[in-house]
Amino acid sequence: MVAPPDSAPPDDDVLWARSLHYSHSGSPGLIGVCARVRQGEILAVTGPRGSGKTTLLRCLAGRLVPDQGEVRFDGIAVHTLRPSARERLFRARFAWIGPDPQLLPELKVWENAALPLLLAGAPHRAARAAAHEWLERLDIGGFAGKRPGALNRAESQRVALTRALVGSPSVLFADEPTAPLHRAERALLLRTLTTAARSHGITVVLATHDEETADAADRRLALVDGRPADAAAAADSPGTTEEQAACSLSA
Ligand SMILES: Nc1ncnc2c1ncn2[C@@H]1O[C@H](COP(=O)(O)OP(=O)(O)OP(=O)(O)O)[C@@H](O)[C@H]1O
């Protein structure tokens, strides 16, 4: 399916992007990428290293402003917001988990998990209760009183996942969250992430270069050299316009 240039976001898409172009100090990161994610859906953004997965997630999350193109979330034109409004939107509606857990070693596990709520000004007691609830839900309640130093990498990553989910975000951006883990640990983290997201209606945009990880998603958007993979192929075909090549939404 090819999106016409002036198409509006379909009603059931919570997150929608059109013709995104982004260059990192002159070197292309995204070239005409379109994306759409429905409410509660898990979208895998796949592709080899350097194909633009992180750049796309950061544009969709409002962490980067595309040089061209638009990003809409829940009717909000994210690409037009001022930095402070984008930051507020991110904190209120989005969450991010990357490959590195980045836990604060001086805080207990539950405090790490509760951090987004505490930073948002939630009462200490409520934040603590929510963190414990999510830690139990993710089967790591037993670690609540420990420091991150006592945890292995897989356990730490589950705490990072708890921290991402504790505020019940609308959209979770997961950038290679299983990359540093062994196969069995990868499967467990992924199962935990998808089960939690599906049971709470959380939309997930999951960047991965791993086929098995991508299999957990409802749909895929494959990137090659900053373009959608099918558009990259179509761009080489005679008679394909740049817009058609750049904006296939057939993920
Ligand atoms: N801060 C940056 N400065 C310069 N170039 C960058 C920067 N970040 C990314 N790039 C380049 O942009 C392109 C896309 O990078 P990106 O990190 O989005 O890809 P990726 O698919 O997420 O790769 P990986 O799986 O390695 O994280 C790559 O060529 C990369 O080298």
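In this predicted model, a polar backbone atom of Gly-52 lies 3.0 Å from an oxygen atom of the ligand. Gly-50 also makes its approach through the backbone, with an N or O atom 2.7 Å from a ligand oxygen. Arg-49 uses its side chain instead: an N or O atom there is 3.5 Å from an oxygen atom of the ligand. Of the 630 Å² of accessible area that the ligand has on its own, the protein covers 58%.

These three residues belong to a shell that runs through Pro-48, Arg-49, Gly-50, Ser-51, Gly-52, Lys-53, Thr-54 and Thr-55, and that also includes His-24, Ser-27 and Glu-176. Helix H1, residues 53-60, is the element that contributes most to this shell, with three residues. Sorted by class, the shell holds seven polar residues, three charged ones and one nonpolar one.

From the ligand site the description turns to the interior. In soluble globular proteins, nonpolar side chains tend to be buried together. The largest nonpolar core here has 40 residues, and the members that touch the most others are Ile-97, Leu-135, Leu-138, Leu-161, Leu-165, Leu-172 and Val-204. Both helices and strands give two or more residues to this core: the helices are H3 (109-119), H4 (124-137), H5 (153-165) and H6 (183-199), and the strands are S3 (42-46), S6 (94-97), S7 (171-175) and S8 (203-208). The largest contribution, six residues, comes from H5.

Leu-172 shows how distant parts of the sequence meet in this core. Beyond its neighbours within four places in sequence, Leu-172 is in contact with Ala-95, Trp-96 and Ile-97, with Leu-161, Ala-164 and Leu-165, with Leu-193, and with Ile-202, Thr-203, Val-204 and Val-205. There is also a second, separate core of 29 residues, with Leu-57, Leu-60, Phe-90 and Leu-223 among them.

Two backbone details remain. Most residues other than glycine have a negative phi. Ser-19 is not a glycine, yet its phi is positive, at about 50°. Asp-225, also not a glycine, has a positive phi of about 50° as well. Where does each of them lie? Ser-19 is in strand S1, residues 13-24, whereas Asp-225 is in the loop between strand S9 (219-224) and strand S10 (227-228). Are they buried or exposed? Ser-19 has a relative accessible area of 11%, which is under 20%, so Ser-19 counts as buried. Asp-225 has a relative accessible area of 60%, which is over 50%, so Asp-225 counts as exposed.

Notes. Residues are numbered from 1 along each chain as its sequence is written. This is a predicted model: local features need pLDDT of at least 70, side-chain atom pairs count only at pLDDT 80 or more; totals for chains, interfaces and linings use all residues. Side-chain values use heavy atoms; hydrogens and water are left out. A residue is near a molecule or strand if one of its heavy atoms lies within 4 Å of it. A polar contact is a pair of N or O atoms within 3.5 Å; within protein, one must be able to donate a hydrogen and the other to accept it, and residues adjacent in sequence count only if both atoms are side-chain atoms. Accessible areas come from the Shrake-Rupley method with a 1.4 Å probe; for residues, only the protein chains shown count as cover. Helices (H or I, at least four residues) and strands (E, at least two) are DSSP runs, numbered from the N terminus. Ala, Val, Leu, Ile, Met, Phe, Trp, Tyr, Cys and Pro count as nonpolar, Asp, Glu, Lys and Arg as charged, and the others, Gly among them, as polar. A nonpolar core is a set of buried Ala, Val, Leu, Ile, Met, Phe, Trp, Tyr and Cys residues joined through side-chain atoms within 4.5 Å. Buried means under 20% relative accessible area, exposed over 50%, partly exposed in between (1.4 Å probe, protein chains only). Contact means heavy atoms within 4.5 Å.
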